[in-house]
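The following exercises concern strand burial, strand pairing and backbone geometry. Please work through each task before reading its solution.

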Amino acid sequence: MKSLIRLPLAILTIFWWLGVPANALPNLHSVTQAVDEHYNNLKTLQAEFTEIYQGSGIERTESGTLWLKKPGKMRWEYRSPEEKVFVGDGHDVWLYLPAEKQARKSSMRNLNDLRSPLALLLGKAKLEKELQGLSFAPDVQPWKPEDAMLRGVPRGLEDRVRQVLLEVTPEHRIARILIHGADESITEYRFSNQKEDVEVPSHQFRFAAPPGTEVIVEETGE
């Protein structure tokens, strides 16, 4: 029992979560595979989200509702502190700022940036393939004590991202994503009240700029 007591609480939580004896090592592959399978089997997902940004002396917290639908559709409706919409139909993405009467359009391919870890929620990626050096992160405190923390570096973004932390629930849901930028910034996404395979109409992922809106089409970079 002495060796069990000496183990950090986060490690013990991982053992319990995986259903293995405390003197055995958790199987990272089994965990990541279970997360992959969970999201690969989903067709839609609805969740409340909180986005927290810290960097360059700035701290900003925003919240709203997220809808995801395969293949590659997403809609982020921000309600607080101000309304805005980020919507993608699988080909193009729009960022609409009602207060500024402005809408920005870009190619979905441009999402291969600091938002790319969010593609995990669409079931597009395999954790072990997309995140280099993937491992448990028992030194990081989870949002919920029963969850496990994983860390890795997104492939192709090493120059912009130091690490990504994923908080995974015992049901193999991603409850939180933390993106640590090379500029020392941290962008955190928390997901709650997740509802899986709910009816989400396709028109929810289409955007038409209201009259009087300034439309800016960004370069695709191709």
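**Exercise 1.** Determine whether strand β1 is largely enclosed or not, working in this predicted model from how many of its residues are buried.

*Solution.* Strand β1 covers residues 44-55. A residue counts as buried when its relative accessible area is under 20%. By this criterion 9 of the 12 residues of β1 are buried, so the strand is largely enclosed by the rest of the structure.

**Exercise 2.** Identify the strands that pair with β1, and state the sense of each pairing.

*Solution.* Begin with β2 (residues 58-69), which pairs with β1 in the antiparallel sense over 12 bridges. Within this pairing, Gln54 stands opposite Glu59. The hairpin of β1 and β2 has 2 residues between the strands, and Ser56 takes a positive phi near 55° there. Turn next to β11 (residues 186-196): 9 bridges join this strand to β1, and the two run antiparallel. Here Gln46 has Lys195 as its bridge partner.

**Exercise 3.** Locate the cis peptide bonds that lead into Pro71 and Pro81.

*Solution.* The bond joining Lys70 and Pro71 is cis, with omega about 0°; Pro71 is found in the loop between β2 and β3. The bond from Ser80 to Pro81 is also cis, with omega near 5°, and Pro81 lies in the loop between β3 and β4.

**Exercise 4.** Classify Lys101 and Asp197 by exposure.

*Solution.* Lys101, in the loop between β5 and β6, has a positive phi near 50°. Its relative accessible area is 55%; the cut-off for exposed is over 50%, so Lys101 is exposed. Asp197, in the loop between β11 and β12, has a positive phi of about 55°. With a relative accessible area of 43%, Asp197 is partly exposed.

Note on methods. Residues are numbered from 1 along each chain as its sequence is written. This is a predicted model: local features need pLDDT of at least 70, side-chain atom pairs count only at pLDDT 80 or more; totals for chains, interfaces and linings use all residues. Side-chain values use heavy atoms; hydrogens and water are left out. Buried means under 20% relative accessible area, exposed over 50%, partly exposed in between (1.4 Å probe, protein chains only). Helices (H or I, at least four residues) and strands (E, at least two) are DSSP runs, numbered from the N terminus. Two strands pair if DSSP finds at least two bridges between them.
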